[in-house]
Amino acid sequence: MKRVNLVRLTILTLICVLLAGCWDYIEIETLEFVFGLGVDRVTPEYIVILEMVKTSGGGQHAQVEPKVLSTSSGSVSSGGAALSNVAGLRAFWPHAYVFLMSEQVAREGILDAVEYIARSRQVRGTVWVFVTKDCTVEEVFKSKPPVANSVSEHLNAISLMQENISGFIPLQVWELNQDLTKEGISPVLPTIRLVHERGELVPVVEGTAVLKGDRMVGWLDGHESDILCLLKGVFERGFFVINTEVGEHGRFPITYEIVGNQVDIKPLVKDGRPAAAIKLTMQFGVEEVGRAPINFCDMQQTDSVEAQLATHFKDRIRELLHKVQVEFNADVLGIGQLFRRKQPEAWRHFGSDWDVYFPDLPVELEVRCQVVLTGLSSAPLRVRD
């Protein structure tokens, strides 16, 4: 009897294996992969732009051909659906890399534009978000990256290399959602502009769009964005060419690379008013000294260079703080958020009037710089007479 049951079980198992199949499948030939999505306008109608990619062939002979489609619609989602009709294939969203907004959209308010990608179950939360500067989203998607197959892949690669490419702070959808909903912090977004390269327009990521609420209030250029990276604790191996005084020999342009940075921001209450203290420590490598007759084996010269670096960055931080406090009144460093988390009683007192306190917020600043790497030689190259 047991043997009969075992035979029956074996037969049923074989039947299940042989008859198993996918009840819900999609043929890849019917799909158009969306690599990039953008919004050029929200009112009076949305202008939605997609960079869609059709693949053909396989293996080493596979080809990827990007197509840029645009339409006007009542919303982002309906615009995307309408473009499937134009393409003649179903739009497949999970492979999207980037989401772009024009400056016009950013200044009017990004919430209407980003609400779809934040809500949609088809779009991943790791999509990179950008604002275009001096160009439209459609112009960016129609530009020609020199190496990548598509603009979206090009922008994704740049974002992933942020540690080695200075001048911006990459941001994904889930991070933007957090910054939009938290108290005491103003969101920032990286910016894209087009540059001419051998007769072609190439998209580059440089600079920062500063938001207050969900509306953009101003720009930071690439150099200011480098300082913002340092103050937000974002690690980047940025290069700085700084005119450095070398004893009695004068000033020389020396190239330094940041190899480490640590920042500590503390919220303070002084005389019944909010304040803050920032301590920034940076480690530098020396990349090029040119003709500068400097010897880093000489501790006196090294101390002089470190002091000059500290003064240089302290001045630049003061300039950035003045811009975000006085010109923008946007707390991009999240000092208010630190008050809310570390000094909740003070935040309950100051929080409702943070826009009043922040522009005049006194900030104690301490900057320390260390030269820790000098390449293969600490001494300058000498040319024989």
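This is a short talk on one protein chain, from its overall make-up down to single residues.

Good morning, everyone. Please keep in mind that this is a predicted model.

Let me begin with the whole chain. DSSP runs give 12 helices and 13 strands. The chain has 385 residues, and 46% of them count as buried. Now look at the contacts with a separation of 6 or more. Residues 24 or more positions apart account for 68% of those.

Next, a pair of helices. Find α8, residues 222-231. Then find α9, residues 299-327. How do α8 and α9 pack? Their axes are 10 Å apart, at an angle of about 95°. Angles from 65 to 115 degrees count as roughly perpendicular. So α8 is roughly perpendicular to α9.

Which residues meet there? From α8 we have H223, E224, I227, L228, L230 and L231. From α9 we have F313, R316, I317, L320 and K323. Sort the residues of this contact by class, and you get 7 nonpolar, 1 polar and 3 charged.

A reminder on helices in general. An α-helix has 3.6 residues a turn, so residues three or four places apart point the same way. Keep that in mind as you look at the two lists.

Now the cavities. How many are there of 30 Å³ or more? The count is 2. The largest cavity has a volume of about 40 Å³. Its lining is made of L321, V324, Q325, A330, V332, L333, I335, F358, L361 and V363. Helix α9 turns up again here. It gives 3 residues, the largest share of this lining. By class, 9 lining residues are nonpolar, 1 is polar and none is charged.

The second largest cavity also comes to about 40 Å³. L37, W93, A96, V98, F99, I117, V123 and V127 line this one. Here the lining has 8 nonpolar residues, with no polar and no charged ones.

On to the backbone. A general point to start. Most residues other than glycine have a negative phi, and most peptide bonds are trans. With that in hand, let's look at three places in this chain.

Place one is a peptide bond. Is the bond from T43 to P44 cis or trans? It is cis, with omega near -5°. P44 sits in the loop between β1, residues 31-41, and β2, residues 46-56.

Place two is D271. This residue is not a glycine, yet its phi is positive, near 55°. Look for D271 in the loop between β11, residues 251-270, and β12, residues 273-288. Is D271 buried or exposed? Exposed means over 50% relative accessible area. D271 has 82%, so it is exposed.

Place three is N329. Again we have a positive phi outside glycine, about 50° this time. N329 lies in the loop between α9 and α10, residues 335-342. Buried means under 20%. At 18% relative accessibility, N329 therefore counts as buried.

That loop leads us to α10. Which residues of α10 are buried? They are I335, G336, Q337, L338 and F339. And what covers them? The cover includes β11, β12, α11 and α12. In numbers, α11 is residues 344-350 and α12 is residues 354-357. One of the buried residues, I335, also lines the largest cavity.

Let's zoom in on G336, in helix α10. It has 0% relative accessibility, so G336 counts as buried. Leave out residues up to four places away in sequence. Then G336 touches G184, D331, W347 and W354. Now measure along the sequence from G336 to F358, and you count 22 residues. In space, C-alpha to C-alpha, the two are 8.5 Å apart. F358 is another residue from the lining of the largest cavity.

Last stop, another glycine. G207 is in strand β8, residues 200-212. Is G207 buried or exposed? Its relative accessible area is 1%, so G207 is buried. Which residues does G207 touch, again not counting those up to four places away? The list is G167, F168, L189, P190, T191, L220, D221, G222 and S225. Two of these names, G222 and S225, fall within the range of α8, residues 222-231. G207 and V131 are 76 residues apart in sequence. Their C-alpha atoms are 9.8 Å apart in space.

That's the tour. Thank you, and I'm happy to take questions.

Terms used: Residues numbered from 1 in each chain as written. Predicted model: local features only at pLDDT ≥ 70, side-chain atom pairs only at ≥ 80, totals over all residues. Heavy atoms only, no water. 1 Å grid on protein atoms, 1.4 Å probe; cavity = no way out; pocket = protein on both sides within 12 Å on 5 of 7 lines; lining within 4 Å. Points joined across faces, edges and corners; volume = space filled by probe spheres on them. Helix = DSSP H or I, 4+ residues; strand = E, 2+ residues; numbered from the N terminus. Nonpolar A, V, L, I, M, F, W, Y, C, P; charged D, E, K, R; others polar. Axes fitted to C-alpha atoms, helices over the stretch in contact; angles between N-to-C directions. Parallel < 35°, antiparallel > 145°, perpendicular 65-115°, else oblique. Contact = heavy atoms within 4.5 Å. Buried < 20%, exposed > 50% of the residue type's maximum accessible area, 1.4 Å probe, protein only.
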